[in-house]
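Q: Please take a close look at a single part of this structure, and describe it together with its surroundings. A connected account would be more useful than a list.

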Amino acid sequence: MKGLIEGIREKVLKGAYEYSGHALDQSVLRKISTAEVVEAVKSGEVIEDYPKDKYGPSRLILGWTIQGRPLHIQSSYPSRELVKIITVYEPDKDEWIDWKVRR
């Protein structure tokens, strides 16, 4: 999975990404800025892989903002021209072990 996070990271850092309508709505509701998403992808690691997701292959990334806020970002594979940010949220500590493994 390491090569895939590098491809996602490269595209996001170049600005070659877009938000789904859902991700845009959720980022506003959850007060997650675009800068925080970029920070989290920059430091992120793939924690789940969804190669057969009904809307296309995607991954769940755990990353951290500069302020230490953990974020989960579901994105498309980097094979798309623009990486699509499908959703973004701060994981609930009661639902995740070390933010990486579902309880």
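A: Two strands are said to pair here if DSSP finds at least two bridges between them. By that criterion this predicted model holds an open sheet of five strands, in the order E1-E5-E4-E3-E2 and with mixed pairing. The edge strands are E1 and E2 (45–50), each of which pairs on one side only, and from one strand to the next the twist averages 30 degrees. The part chosen for the close look is strand E5, and within that strand Thr87, which belongs to the run of residues 83–89.

A word on confidence comes before the details. The average pLDDT of the protein chain is 94, with 98% of the residues scoring at least 70. Among the elements, the highest mean pLDDT is that of strand E1 (residues 17–19), at 98, and the lowest is that of helix H1 (residues 2–14), at 88.

In the order of the sheet, E5 stands between E1 and E4, and its pairing has a different sense on each side, being parallel with E1 over three bridges and antiparallel with E4 over four. Strands of a sheet pair through backbone hydrogen bonds, in either a parallel or an antiparallel arrangement. On the E1 side, Glu18 has Lys84 of E5 as its bridge partner. On the E4 side, Ser75 is partnered by Ile85 and Gln74 by Thr87, while the connection between E4 and E5 is a hairpin that runs through six residues. Five of the seven residues of E5 are buried, so the strand is largely enclosed by the rest of the structure.

Is Thr87 itself buried or exposed? Its relative accessibility is 9%, and because the cut-off for a buried residue is under 20%, Thr87 counts as buried. Once neighbours within four places in sequence are set aside, Thr87 is in contact with His22, Ala23, Gln26, Arg30, His72, Ile73 and Gln74. Of these residues, Gln74 is also the bridge partner of Thr87, and His22 is joined to Thr87 by a polar contact of 3.1 Å between the two side chains. Helix H2 (residues 21–29), whose range takes in His22, Ala23 and Gln26, lies across E1 and E5 and runs at about 35 degrees to E5.

His72, Ile73 and Gln74 lead from Thr87 to the adjoining strand E4, which is mostly covered, with seven of its seven residues buried. Pro70, His72, Gln74 and Ser76 point one way from E4, whereas Leu71, Ile73 and Ser75 point the other way. On its further side E4 is joined to strand E3 (residues 58–64) by seven bridges, the two strands running antiparallel. Across this pairing Leu62 has His72 as its bridge partner, and Ile61 stands opposite Ile73. The hairpin of E3 and E4 has five residues between the strands, and in it Gly68 takes a positive phi near 85 degrees.

Ile73 deserves a further look, since its contacts beyond four places in sequence are Val37, Ala40, Val41, Arg59, Leu60, Ile61, Ile85, Thr87 and Val88. Together with Val37, Ile73 has the most contacts inside the largest nonpolar core, which comprises 17 residues. Two or more residues are given to this core by each of H1, E1, helix H3 (34–43), strand E4 (70–76) and E5. A second core, separate from that one, is made up of five residues, including Ile47, Leu60, Leu62 and Tyr89. Helix H3 packs on the sheet, where it touches E1, E2, E3, E4 and E5, and its direction makes about 85 degrees with that of E4.

Finally, the loop between H2 and H3 holds Lys31, which has a positive phi of about 55 degrees although it is not a glycine. Unlike Thr87, which is buried, Lys31 counts as exposed, with 69% relative accessibility.

Note on methods:
Residues are numbered from 1 along each chain as its sequence is written. This is a predicted model: local features need pLDDT of at least 70, side-chain atom pairs count only at pLDDT 80 or more; totals for chains, interfaces and linings use all residues. Side-chain values use heavy atoms; hydrogens and water are left out. Buried means under 20% relative accessible area, exposed over 50%, partly exposed in between (1.4 Å probe, protein chains only). A polar contact is a pair of N or O atoms within 3.5 Å; within protein, one must be able to donate a hydrogen and the other to accept it, and residues adjacent in sequence count only if both atoms are side-chain atoms. Contact means heavy atoms within 4.5 Å. pLDDT is the predictor's confidence in each residue, from 0 to 100. A nonpolar core is a set of buried Ala, Val, Leu, Ile, Met, Phe, Trp, Tyr and Cys residues joined through side-chain atoms within 4.5 Å. Axes are lines fitted to C-alpha atoms, for helices over the stretch in contact, and angles run from 0 to 180 degrees between N-to-C directions.
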